[in-house]
Amino acid sequence: MFPTVEVRWFYRGAIPGDIQTWFDQIAKEYIVQPARLDTYLLQSNNTDLGIKLRQGRIEIKQRFQQHGDIDFHKHVSGVVEGWRKWSFLIAREQTSYFSPAILGDTWLGVKKTRSLYTFQITDSRVKSVPIPDYSAGGCNLELTRI
């Protein structure tokens, strides 16, 4: 299990220029992952549980805390949430069961391109880390285009 605390914002259309500029200034040496397709189970009645297929794995993500709106700046607020994630490798011989033809219209494919940057606290200092290391803790800054 992998626990996280997250704040997420969603925008329709292109990433606003001021957001892109801010990301570029904060995360000067971020990595851009290759585009990928994640396939989500559609669940209109459950927003606390997400199930997706990603790169030969099935991932389950459960919201277990809601801390409410937090003001980060006079013009920036967001909902802080606690999540738990489990990830399981799908056996190679089972992957055919997850083809779009078999899954049908209860699943939705979403193409993503992610830019990532990681901060870690060491010796009471914040430092950047070029490659995300989720096991070491810290803060991951992510800008995703879907």
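Which side chain makes a polar contact with the side chain of Arg114 at 3.1 Å? I took this as the opening entry and noted beforehand that the model is predicted.

**Entry 1: Arg114**

I looked up the position of Arg114 and found it in strand S7, which spans residues 107-122. The side chain of Glu142 is the partner I sought, in polar contact with the Arg114 side chain at 3.1 Å. I also recorded a polar contact between the side chains of Arg114 and Gln33, at 2.8 Å. I then checked exposure: the relative accessible area of Arg114 is 10%, under the 20% limit, so I entered Arg114 as buried.

**Entry 2: aromatic pairs**

I counted aromatic pairs and obtained three for the structure. One of them is formed by Trp9 and Phe72, whose ring centres are 6.3 Å apart. Their planes meet at 70°, over the 60 degrees required, so I classed the pair as edge-to-face. I next placed both residues in the fold. Trp9 belongs to the loop that runs between strand S1 (2-7) and helix H1 (17-26), whereas Phe72 belongs to strand S5 (residues 57-73). The pair therefore ties together parts that lie 63 residues apart in sequence.

I looked up accessibility for both partners. Trp9 has a relative accessible area of 43% and is partly exposed. Phe72 is also partly exposed, with a value of 44%.

**Entry 3: nonpolar surface patch**

I returned to Trp9 and Phe72 when listing surface patches. Together with Tyr11, Ile70 and Val76, they make a nonpolar surface patch of about 490 Å². I located Ile70 in strand S5. Its relative accessibility is 32%, which I recorded as partly exposed. This value is over the 30% that patch membership requires, so Ile70 meets that accessibility condition.

**Entry 4: charges over rings**

I searched for charged side-chain ends placed over aromatic rings. The charged end of Arg84 sits over the ring of Phe64, at 3.9 Å from the ring centre. For Lys61, I found the charged end over the ring of Trp83, with a distance of 5.5 Å to the centre.

**Entry 5: Tyr40**

I looked up Tyr40 last and placed it in strand S3, residues 36-41. The relative accessible area of Tyr40 is 26%, so I entered this residue as partly exposed. I also compared Tyr40 with Arg12: they are separated by 28 residues in sequence, and their C-alpha atoms are 19 Å apart in space.

Methods. Residues numbered from 1 in each chain as written. Predicted model: local features only at pLDDT ≥ 70, side-chain atom pairs only at ≥ 80, totals over all residues. Heavy atoms only, no water. Phe/Tyr/Trp six-rings, centres within 6.5 Å; stacked < 30°, edge-to-face > 60°. Helix = DSSP H or I, 4+ residues; strand = E, 2+ residues; numbered from the N terminus. Buried < 20%, exposed > 50% of the residue type's maximum accessible area, 1.4 Å probe, protein only. Lys NZ or Arg CZ within 6 Å of the ring centre and 35° of its normal. Polar contact = N/O pair within 3.5 Å; in protein donor to acceptor, adjacent residues only side chain to side chain. Patch = residues over 30% accessible without salt bridge, like charges linked within 9 Å, V, L, I, M, F, W, Y side chains within 5 Å. Areas by Shrake-Rupley, 256 points an atom, 1.4 Å probe, with all protein chains shown as cover. Salt bridge = Lys/Arg side-chain N within 4 Å of Asp/Glu carboxyl O.
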